[in-house]
Amino acid sequence: MQLPRLLLGNTRRWILGSADAALWGLKSIKGNCNNFCTVFKDVTYKELKNLLNSKKITLIDVREPWEVLEHGKIPGSVNIPLDEVGEALQMNSKDFRDKYNEVKPSKSDSLVFSCLAGVRSKKALDTAISLGFNSAQHYAGGWKEWSTYEYSEKKEEN
């Protein structure tokens, strides 16, 4: 009876101790991240519109080509389907330009990924970050949100 209780107590301390250490580690990262932690954030509709107007970003739409043809695209975006993102970001500049008709972004360029509703663009963001593209973000609202805002803005103008 005493041995199981002792083992349970030691196991509980080990688990809780590990959780405390993990939480302390996250707190220390958060406290020391400087600009690193703010780089990987969602972009809002208004932020994306301003970034596109400034021409300081590359907007990559990771939907399939048929989706872009059927539903439309955010003006200024380049279509690179999700399953091609990793390979595309590692291509040499000439091959990238030949395939996508755009200048290949460098690892220091600002990238924003979009899709239909934010799921695939988040995966593309994770891929880009893993490849060293440290100024990458994603537009979580995607085409659905963009087209809703654009339609309502055009309706208000008329």
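**Entry 1: helix α3**

I began with the face of α3 that is turned away from its buried side, and I found that it carries the exposed residues Lys46, Asn50 and Asn53. I note here that the model I am reading is a predicted one.

I then looked up the buried residues of this helix, which spans residues 45-54, and they are Tyr45, Leu48 and Leu52. Looking down the axis of α3, I see that its buried residues fall within an arc of 65°, so they line one face of the helix. I remind myself that an α-helix has 3.6 residues a turn, so residues three or four places apart point the same way.

Following the chain just past the end of α3, I came to Lys55, which takes a positive phi of about 60°.

**Entry 2: the largest pocket**

I looked up the largest pocket next, and its volume comes to about 290 Å³. It is lined by 13 residues, of which Leu52, Asn53, Lys55, Pro75 and Gly76 are the closest to its centre. Two elements, α3 and β1 (58-61), each give two or more residues to this lining.

Which element gives the most to the lining of the largest pocket? I found that it is α3, with 3 residues. By character, the lining of the largest pocket divides into 7 nonpolar, 3 polar and 3 charged residues.

Leu52 and Asn53 thus appear twice in my notes: Leu52 is among the buried residues of α3, Asn53 is among the exposed residues of the face turned away, and both are listed with the residues closest to the centre of the pocket.

**Entry 3: the nonpolar cores**

I turned to the largest nonpolar core, which has 19 residues, and those with the most contacts inside it are Ile80, Leu89 and Phe113. The elements that give two or more residues to this core are α5 (85-90), α6 (93-100), β3 (111-114) and α7 (119-130).

I followed Leu89 further and, setting aside its neighbours within four places in sequence, I found it in contact with Lys104, Pro105, Leu111, Phe113, Ala128, Leu131 and Phe133. Apart from the largest core lies another, of 11 residues, which includes Ile57, Ile74, Val112 and Trp143.

**Entry 4: Gly118**

My last stop was the loop between β3 and α7, where Gly118 is found. Is Gly118 buried or exposed? Its relative accessible area is 9%, and since buried means under 20%, I record Gly118 as buried.

Leaving out residues up to four places away in sequence, I noted that Gly118 touches His138, Tyr139 and Ala140. Gly118 and Gly142 are 24 residues apart in sequence, yet their C-alpha atoms are 5.4 Å apart in space.

Key:
Residues are numbered from 1 along each chain as its sequence is written. This is a predicted model: local features need pLDDT of at least 70, side-chain atom pairs count only at pLDDT 80 or more; totals for chains, interfaces and linings use all residues. Side-chain values use heavy atoms; hydrogens and water are left out. Buried means under 20% relative accessible area, exposed over 50%, partly exposed in between (1.4 Å probe, protein chains only). Helices (H or I, at least four residues) and strands (E, at least two) are DSSP runs, numbered from the N terminus. The arc is that of the directions from the helix axis to the C-beta atoms. On a 1 Å grid over the protein atoms alone, a cavity is a set of points where a 1.4 Å probe fits but cannot get out, and a pocket is an open set with protein on both sides within 12 Å along at least five of seven lines; lining residues have an atom within 4 Å of a point. Grid points are joined across faces, edges and corners, and a volume is the space filled by probe spheres set on the points. Ala, Val, Leu, Ile, Met, Phe, Trp, Tyr, Cys and Pro count as nonpolar, Asp, Glu, Lys and Arg as charged, and the others, Gly among them, as polar. A nonpolar core is a set of buried Ala, Val, Leu, Ile, Met, Phe, Trp, Tyr and Cys residues joined through side-chain atoms within 4.5 Å. Contact means heavy atoms within 4.5 Å.
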